[in-house]
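User: I'd like a close look at one part of this protein, with the rest brought in as context. Please keep it informal and walk me through it.

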Amino acid sequence: MGIIRKDYILDRWVYYASLRSKRPREFKSATSKEESKICFFCPGNEKLTPPELGRVEYRGSWKMRWFLNKFPAVEQKKYSKFKPKKFLSETGNYGMHEIIVETNRHKSQLWDLPIKDYIELLEVYKLRISALGRLKGIRCVEVFKNHGKDAGTSLLHSHSQIMALPQIPALVSEEINAMKNHKKCPYCEIIKLESKSKRKIFETKNVLAFAPFASRFNYEAWIFPKNHRKTLGELNDEELKDFAAAMKKIIFKLKKLNASYNFYLHYSPEKENLHFHMEIAPRIATWGGFEFSTNFIINSVLPEDAARFYRKR
């Protein structure tokens, strides 16, 4: 028997239909063998990318490096303030779009890296969010990762992306507005609730990871600092280490499914009070006509079952 669940605070609904899980093609993705002969992100090919903006050094070379995206979705150009019009509003695609190469090893994916590399990657995210967030006209810096063909990646070498945007993304705004309907931070209350639920994946004194009650994606997972932190930059060293450990646990388990996945950070824009967190969205199932015509999602994996999968050693 199926069930329908609503998101904790958003007007977003998910239909759970566990019988659909019997379709084997949903659960184990085939490994793609298509690969370019030249990897633009490998050591020795640095001149094939735009000029380097920064790097993490390791034994006389680089361990991580970042630079502008060669094919950006937003561009460095003169900032012009958005002037809305009735029905036909537009503005220039002002912003910055960067690539962070997460490892110098071509065949290693993020799930193969040790926790210390996750910590360093989070530190790089902090650095870039801070730097890009100070640019004129930038209201939000979106950090995200696409892993695998079904998640939208075009290059196999492990990397993340950062986009500095002149507006706050609609989903972040939706979360901010929903929070304003509560006297206290609802996510702080949700953390307490989920720390005692069957949806809990990983917990330390600083961090909780869980499968959200109305998860839209098969094996979706969220990571929150327990203390009310508004940005990644507010996490102390211990919180950052625990956050990295939660990331590693979840992403390493996705290797067993060979799953494509996305993850993204949601943090509080200036003058707002959103509880910082990461959402990890495995891209195992394909959305179809029902999802796109209704904005309701059919999920074949209950979050309680997803959490059980992540907790297993």
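Which strands and helices do the buried residues of α6 pack against?

Analyst: Keep in mind that this is a predicted model. The buried residues of α6 pack against β1 (3–6), β2 (13–16), β8 (200–203), β10 (221–225), α4 and β12 (277–282). The helix itself covers residues 303–311, and its buried positions are Pro303, Glu304, Ala306, Ala307, Phe309 and Tyr310. There is a simple bit of helix geometry to hold against that list: an α-helix has 3.6 residues a turn, so residues three or four places apart point the same way.

Glu304 deserves a second look. This residue is on the buried list for α6, and it is also linked with Arg5, Glu194 and Arg199 in a network of salt bridges. In general, side chains of opposite charge can pair when their charged atoms come close.

Now take one of the partners of α6, strand β10. Phe224 is found in that strand, and it counts as buried because its relative accessibility is 0%, under the 20% cut-off. Leaving aside neighbours within four places in sequence, Phe224 is in contact with Tyr187, Ile191, Asn206, Val207, Leu208, Phe210, His275, Phe276 and His277. His277 falls in β12 (277–282), which is another partner of α6. For a sense of distance, the C-alpha atoms of Phe224 and Ala259 are separated by 22 Å, with their positions 35 residues apart along the chain.

Helix α4 is on the partner list too, and it brings in another salt bridge. Asp112 and Lys255 meet through their side chains at 2.6 Å, N to O. Lys255 sits in helix α4 (residues 237–257), while Asp112 is in the loop between β5 (96–101) and α1, so the pair links distant parts of the chain, 143 residues apart. Both ends count as partly exposed, Asp112 at 31% relative accessibility and Lys255 at 38%.

Compare that with the salt bridge between Lys63 and Asp117, where the N to O distance is 2.8 Å. Here Lys63 belongs to strand β4 (residues 61–68) and Asp117 to helix α1 (residues 115–133), 54 residues apart. Lys63 is buried, with a relative accessible area of 12%, and Asp117 counts as buried at 5%. A further pair is Arg55 with Glu57, whose closest N and O atoms are 3.6 Å apart; Arg55 is partly exposed, at 32%. Across the whole structure, the search finds 19 salt bridges.

There is also a pocket to mention. The second largest one has a volume of about 480 Å³. Its lining is made up of 20 residues, and Gly133, Arg139, Tyr267, Pro269 and Glu270 lie nearest its centre. By type, the lining divides into 7 nonpolar, 5 polar and 8 charged residues.

Stepping back to the whole chain, the secondary structure comes to 6 helices and 13 strands. Of the 313 residues, 50% count as buried. The C-alpha trace spans about 55 × 50 × 40 Å along its principal axes. A compact globule with 313 residues would have a radius of gyration near 20 Å, and the protein agrees with 20 Å. Among contacts with a separation of 6 or more, 67% come from residues 24 or more positions apart.

Definitions and conventions. Residues are numbered from 1 along each chain as its sequence is written. This is a predicted model: local features need pLDDT of at least 70, side-chain atom pairs count only at pLDDT 80 or more; totals for chains, interfaces and linings use all residues. Side-chain values use heavy atoms; hydrogens and water are left out. A salt bridge is a side-chain nitrogen of Lys or Arg within 4 Å of a carboxyl oxygen of Asp or Glu. Buried means under 20% relative accessible area, exposed over 50%, partly exposed in between (1.4 Å probe, protein chains only). Helices (H or I, at least four residues) and strands (E, at least two) are DSSP runs, numbered from the N terminus. On a 1 Å grid over the protein atoms alone, a cavity is a set of points where a 1.4 Å probe fits but cannot get out, and a pocket is an open set with protein on both sides within 12 Å along at least five of seven lines; lining residues have an atom within 4 Å of a point. Grid points are joined across faces, edges and corners, and a volume is the space filled by probe spheres set on the points. Ala, Val, Leu, Ile, Met, Phe, Trp, Tyr, Cys and Pro count as nonpolar, Asp, Glu, Lys and Arg as charged, and the others, Gly among them, as polar. Contact means heavy atoms within 4.5 Å. The radius of gyration is taken over C-alpha atoms; the globule rule is 2.2 Å times the number of residues to the power 0.38.
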